[in-house]
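Visitor: Could you take me through one part of this model in close detail? I would like to see how its helices pack and what lies around them.

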Amino acid sequence: MLSQGSKLTAVLLVIAMLGSGVAGATLGGTTADAAAPTERTPSASVQDGSATTQDGTGVGQTGTNCAATPPENGADPDSDVKGWENGVWYDESIDVNQDDGVQRAERRKIVSRTMARVEAVRCVEFDQRVPVSVLSREEFRQRQASQNASAELRTFDNAKFEALLLVGEDEDSIAVQNENRGSGVLGFYSPRNDRIVVIAESAEELRIDELTLAHELMHAWQDQQFDLAGSPFDGQLRDQVNARNGVVEGDASYTETLYQRQCGANWDCLDATRSGSAGQLANIGVYLMKFQPYSDGPAFVRMVRNVGGWEAVNDLYGNLPASTEQVIHPLRYESDPPTNVTLNDTATDSWSRVRAPDRPGYARLGEAAVMMSFVYPYYHSQGQTQLVSAAEWFDYNQSGNVSEFDPLNYESNYSTGWDGDRLHVYENENGSLSYVWKLAWDSPQNAQQFVGGYERLLQYWGGQQIGPNAWRIPDGKFADAFYVDIDGRNVTIVNAPTVAELSEVRPEVGPVTVTNATTESSDANETTAT
C-alpha cells in the first residue's frame with residue numbers, strides 16, 4: 001500500500017519501527033479517551049494479499065457489480081446512480097497531472113471519480129459532494145502541538161497510560177499522542193466540519209493519494225448516513241472508541257482493500273508517493289493499542305458481509321460492538337457483553353480522585369489495551385523479550401508471510417478472557433499520582449493467567465516482589481509500588497509512589513511487610529514501620 005513515500009503495509013511499518021527502536025503513531029484522539037476525527041495512517045492500509053476476491057459474496061475481479069453500467073459514449077445518466085458522481089463515471093479517465101501539485105479543478109475531478117468508485121465497490125450512494133482540502137504536514141504537526149488539554153485531563157491521561165506500562169512518569173501522554181498523530185496521519189475526515197483533509201508532505205507538493213481519499217470518503221458516507229459526531233459514536237472510554245472503530249475504520253479499510261484491487265487491474269489510480277519520511281513516531285505501544293481496529297476491524301466487517309451482505313454491515317452502525325473483545329473475537333459479538341465493573345473509593349484524605357471535565361471519571365481500557373501491555377516489551381527490547389511471542393503476535397497467511405489484511409493477533413493467554421475493567425486515578429497534595437485498576441475475567445483461570453503475565457511484566461520493567469502480592473520497581477520510567485490482589489475472577493491492581501502509600505490509596509491492602517531485602521533500603525524502612 002502506498003504511503004509516506006514508500007510501499008508500506010502495516011506489517012512493514014511495524015517491523016521497520018522495531019528495527020530502528022522508535023515507538024509508534026496514534027490513530028485515535030489527541031486527548032485521553034475522547035473520540036477523534038476518523039483518519040488514515042500509513043499502517044491503516046490493508047489488503048488481502050490475493051489477486052482475486054475471496055469474500056464469498058459474488059464480487060468478481062471488476063468489483064463493480066453494484067455500479068450502474070456506463071453508456072458507451074460516457075454520457076451522464078438521467079438521475080444520480082451508483083458509480084457516477086458530479087459528471088464523472090467510476091471507469092472514466094481524467095486529465096490530471098500531479099507533478100506541479102493538484103489544482104482546484106483537478107481536485108474536483110479526482111474527488112468526483114473517487115466518490116463514484118467508492119460507490120461501485122461498497123454499494124453505497126453519497127447524498128452530497130464532500131469538500132476536500134489539503135494541508136502540509138508541517139502545518140498539521142503545528143496544529144497538533146498547539147492543542148491544549150485541561151490539567152485534570154492531562155493528569156488522568158498520564159496515569160492511564162502509566163497503568164498500561166506504556167508511557168512513563170517522566171513523559172506527557174498527550175504530548176506523545178499529539179506527536180504520533182502529527183507524524184503518522186495521511187488524512188482525516190472531520191464529522192464536525194463535514195470535510196476531508198489530506199496531509200501532504202510539503203506545501204510545494206500538494207498531491208492526493210487516491211486510496212487515502214477513498215478511505216476518508218467512506219468516513220464521509222458513514223457520517224452522511226449515521227452521524228458520526230452523535231451518539232453512539234461519541235464514546236469517551238478507550239475500549240468504546242476502539243470497539244466503535246472496529247466498524248468505522250474496519251469498514252473504511254475493507255472498502256479501501258476492495259478499491260485497491262481494481263487499481264492497476266481495471267482502473268488507473270493516482271498515488272502521491274514521494275521520497276522522504278513523515279518523521280519518527282513517538283510510542284509504538286500507544287500506536288499499536290489504537291491500531292487494533294485497523295487490524296481486526298476489516299476482518300470483522302468481512303465476516304459480517306460474508307454472512308449477510310452489505311446490508312448486514314450497514315446494520316452494524318445501529319448495533320456497534322460493545323467492546324474490543326467483540327471485535328477481536330467476532331463470535332462474541334452480541335453474545336458476550338462486558339461486565340459493568342464497579343469500584344468504590346476508599347482512599348484516605350491525603351489522596352483525591354482525579355476527574356477530567358466533561359469526561360467519565362474513570363477509564364475502561366479493554367482487551368486490546370491489556371494486550372498491548374504485554375506486547376510492548378517486544379519492541380522496547382528490540383525483540384529480545386517476548387512475553388507474547390512473535391509467532392503469536394503476527395498473523396501469517398497461507399504462503400507463510402505476515403498477513404497484510406489482518407497482520408496482528410490481539411489475542412494471548414494473558415488478555416483473552418477479559419470481561420471488563422475500571423480504572424480510578426488519584427493525586428495527593430504533592431502532585432504524586434496513584435491508581436486502582438480492577439479487572440473482571442471470564443473465569444478464575446483467566447484471572448490467574450493474567451496475574452502470571454502481569455508479574456512477568458513487572459519483572460521486565462525492573463520489578464521485585466517484596467512481599468505477598470506486593471511489588472516494587474525501584475527506578476526507571478515506572479518506578480512505583482504495586483499491590484496485585486486476585487479474588488476469584490476479579491483482579492485489583494493498586495499503585496502508589498511508595499509501598500507505605502499503597503494502604504493510603506487502598507486501605508483494604510493493609511500493612512505491607514517487606515520480606516525481600518533486595519528492595520531499596522529507604523523503602524524497606526518505610527514499609528517495615530507501616
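Guide: Gladly; here is a close look at helix 8 and its surroundings, followed by a few backbone details elsewhere. Please keep in mind that this is a predicted model.

Helix 8 covers residues 284-316, and its packing against helix 7, residues 238-262, has an angle of about 65° with the axes 5 Å apart. Since angles of 65 to 115 degrees count as roughly perpendicular, helix 7 and helix 8 are therefore roughly perpendicular to each other. Their crossing is right-handed.

Helix 8 also packs with helix 10, residues 366-380, at an angle of about 140° and with the axes 9 Å apart. That angle makes helix 8 and helix 10 oblique to each other. Here, too, helix 8 makes a right-handed crossing, this time with helix 10.

Now to the surface: M303, V307 and L331 make a nonpolar patch of about 350 Å². L331 sits in the loop between helix 9 (324-328) and strand 9 (351-353), and with a relative accessible area of 77% L331 is exposed.

Going back to helix 7, the loop between helix 6 (210-226) and helix 7 holds P232. The peptide bond from S231 to P232 is cis, with omega near 5°.

Two asparagines complete the tour. N86, in the loop between strand 4 (84-85) and strand 5 (88-89), has a positive phi of about 50° although it is not a glycine. N469, in the loop between strand 12 (464-467) and strand 13 (470-473), has a positive phi of about 70°, again without being a glycine. N86 is partly exposed at 40% relative accessibility, and N469 is partly exposed at 32%.

Terms used. Residues numbered from 1 in each chain as written. Predicted model: local features only at pLDDT ≥ 70, side-chain atom pairs only at ≥ 80, totals over all residues. Heavy atoms only, no water. Patch = residues over 30% accessible without salt bridge, like charges linked within 9 Å, V, L, I, M, F, W, Y side chains within 5 Å. Areas by Shrake-Rupley, 256 points an atom, 1.4 Å probe, with all protein chains shown as cover. Salt bridge = Lys/Arg side-chain N within 4 Å of Asp/Glu carboxyl O. Helix = DSSP H or I, 4+ residues; strand = E, 2+ residues; numbered from the N terminus. Buried < 20%, exposed > 50% of the residue type's maximum accessible area, 1.4 Å probe, protein only. Axes fitted to C-alpha atoms, helices over the stretch in contact; angles between N-to-C directions. Parallel < 35°, antiparallel > 145°, perpendicular 65-115°, else oblique. Left-handed = near helix turned anticlockwise from the far one by under 90°.
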